[in-house]
Amino acid sequence: MRVFDLFNISMNIVMKGTGSAVPKRRVTNEELGRMVDTSDEWIASRTGIRARHIAVEETTTSLAVEAAEKALDDADVKAEEIDLIIASTVTPDQFLPNLACEVQAAIGAKNAAAFDVNAACSGFLFALNTAAMYLKGSGAKTALIVGAETLSKIVDWKDRSTCVLFGDGAGAAVIRAEELDVCSGILSMVQGSDGTRGGALKCGGRPLNNPFVTQQAAQAYVSMDGQEVYRFAVRTVPKVIRQAADEAGMSLDEIDLFLLHQANVRIIEAAAKQLSQPMEKFPVNLPEYGNLSAASVPVLLDYVRKQGRIQSGSRLVLAGFGAGMTWSGAVVVW
Ligand code: ACO
């Protein structure tokens, strides 16, 4: 059992390592064009997506575990050192137990408290924020954050307007409370939600099913008002980034990389333009992975680190938006 004490306020919350995992099966736009009435030209020009990885043998849990193990390796942290695991997903393999506990069991993090949060595509950042608060406000020292999805099981593969957008995968990060003189780690976090806009992007859960219900509901899939989500994202993302940078006391020009939720390259380009920042500072991996919801930001973070684009002292903005609607941003100095 973990006992949390309130004495850690002065700690820096630093990122120690990252990991990611995607399924083996790669599905191109051309292949989708043989399944529904779509084309590589339509998908790539509207979204920037060219391929996605789809789980055939993998599960949300197996991807989450693989990403978590890689993040622990990268951080050089042992599973027993983890005090807290927070997982974020909208596509768990089961209602019970939660994904974080499944990860805990698989990696042997026997000293951790483990729970899930759901904030859709903003989920990893909500989990990161929650974990950072725990580490700031308690004796807990080390946390593992995981974003993992198999969105392929909640999209309607006959609906061309949604099935082309999403992919499966998982990303993880290890964070730690450290007392440092230098200004490093998570410098600011902003978050928000607007439940009144929830209708723009939805997926129903398991319908009522008991002896007293006469009419069974149909199977629910992701449904989206694409243009409403687009307008929301283009309005919200630049605001979140500006607010996170302001809170951190940094100008946008001082930020090295903006790691945004990978939903649509046009949204990222619009954000770059509004912020008067060059597109080179906005890395993208959605041509290869599509939209990974809660896994999007941590998979991108790991991807960019593997490219060698993040060094000690690199100044990053992480930002996401998603169903709910929800949004979140953070400034992190690596
Ligand atoms: N292939 C070919 N045609 C298609 C496809 C497809 N895959 N999907 C839709 N169309 C057709 C539509 O049927 C419509 O045809 P019609 O004019 O004959 O009725 C036409 O293309 C235009 O459809 P729109 O929905 O108006 O297309 P739009 O230009 O808005 O692009 C898109 C759709 C890409 C989803 C866009 O609205 C968008 O980027 N929205 C942002 C939302 C987003 O990125 N969501 C990702 C998940 S949400 C999240 O991560 C938080």
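Which are the buried residues of helix 10?

**View 1. Helix 10 and the elements that surround its buried residues.** In this predicted model, the buried residues of helix 10 are S296, V297, P298, V299, L300, L301, D302 and V304. The helix, which runs over residues 296–306, is mostly covered, with eight of its 11 residues buried. Packing against these buried residues are strand 1 (12–21), helix 5, strand 7, strand 11 (257–260), helix 9 (286–289) and strand 12. After helix 10 comes G308, a residue whose phi is positive, near 75°.

**View 2. The ligand and its polar neighbours.** Of the 23 residues around the ligand, those that come nearest are T38, Q227, H261, N264 and N291. A polar atom in the side chain of T38 lies 2.6 Å from a nitrogen atom of the ligand, while an N or O atom in the side chain of R46 is 2.9 Å from an oxygen atom of the ligand. The backbone also takes part, since a polar backbone atom of R160 is 2.9 Å from a nitrogen atom of the ligand. On its own the ligand has 1000 Å² of accessible area, and the protein covers 73% of it.

**View 3. The make-up of the shell around the ligand.** Two or more residues of the shell are given by each of helix 2 (40–47), helix 6 (160–163), helix 7 (226–248) and strand 12. Helix 7 supplies the largest share, which is four residues. By type, the residues of the shell divide into 10 nonpolar, nine polar and four charged. Both domain 1 (2–178) and domain 2 (185–203 + 217–333) contribute to the shell around the ligand, with at least three residues drawn from each.

**View 4. R176 in strand 7.** R176 is found in strand 7, which spans residues 168–178, and it counts as buried because its relative accessibility is 14%, where buried means under 20%. The side chain of R176 is joined to the side chain of E81 by a polar contact of 2.6 Å. Leaving aside residues up to four places away in sequence, R176 touches N12, I13, V14, K16, V77, E81, L135, K141 and T142.

**View 5. Two residues with a positive phi, D76 and A120.** Most residues other than glycine have a negative phi. D76, although not a glycine, has a positive phi of about 55°; D76 lies in the loop between helix 3 (60–75) and strand 4. With a relative accessible area of 69%, D76 is exposed. A120, likewise not a glycine, has a positive phi of about 50°, and its place is in the loop between strand 5 (113–117) and helix 5 (123–136). A120 is buried, with a relative accessible area of 8%.

**View 6. Two cis peptide bonds, at L96–P97 and G324–M325.** Most peptide bonds are trans. A cis peptide bond, with omega at about -10°, joins L96 and P97, and P97 lies in the loop between strand 4 (84–88) and helix 4 (99–107). Another cis peptide bond joins G324 and M325, where omega is about -5°. M325 lies in the loop that connects strand 12 (315–322) and strand 13 (326–333).

Methods: Residues are numbered from 1 along each chain as its sequence is written. This is a predicted model: local features need pLDDT of at least 70, side-chain atom pairs count only at pLDDT 80 or more; totals for chains, interfaces and linings use all residues. Side-chain values use heavy atoms; hydrogens and water are left out. Buried means under 20% relative accessible area, exposed over 50%, partly exposed in between (1.4 Å probe, protein chains only). A residue is near a molecule or strand if one of its heavy atoms lies within 4 Å of it. A polar contact is a pair of N or O atoms within 3.5 Å; within protein, one must be able to donate a hydrogen and the other to accept it, and residues adjacent in sequence count only if both atoms are side-chain atoms. Accessible areas come from the Shrake-Rupley method with a 1.4 Å probe; for residues, only the protein chains shown count as cover. Ala, Val, Leu, Ile, Met, Phe, Trp, Tyr, Cys and Pro count as nonpolar, Asp, Glu, Lys and Arg as charged, and the others, Gly among them, as polar. Domain bounds come from an automatic or database domain assignment. Contact means heavy atoms within 4.5 Å.
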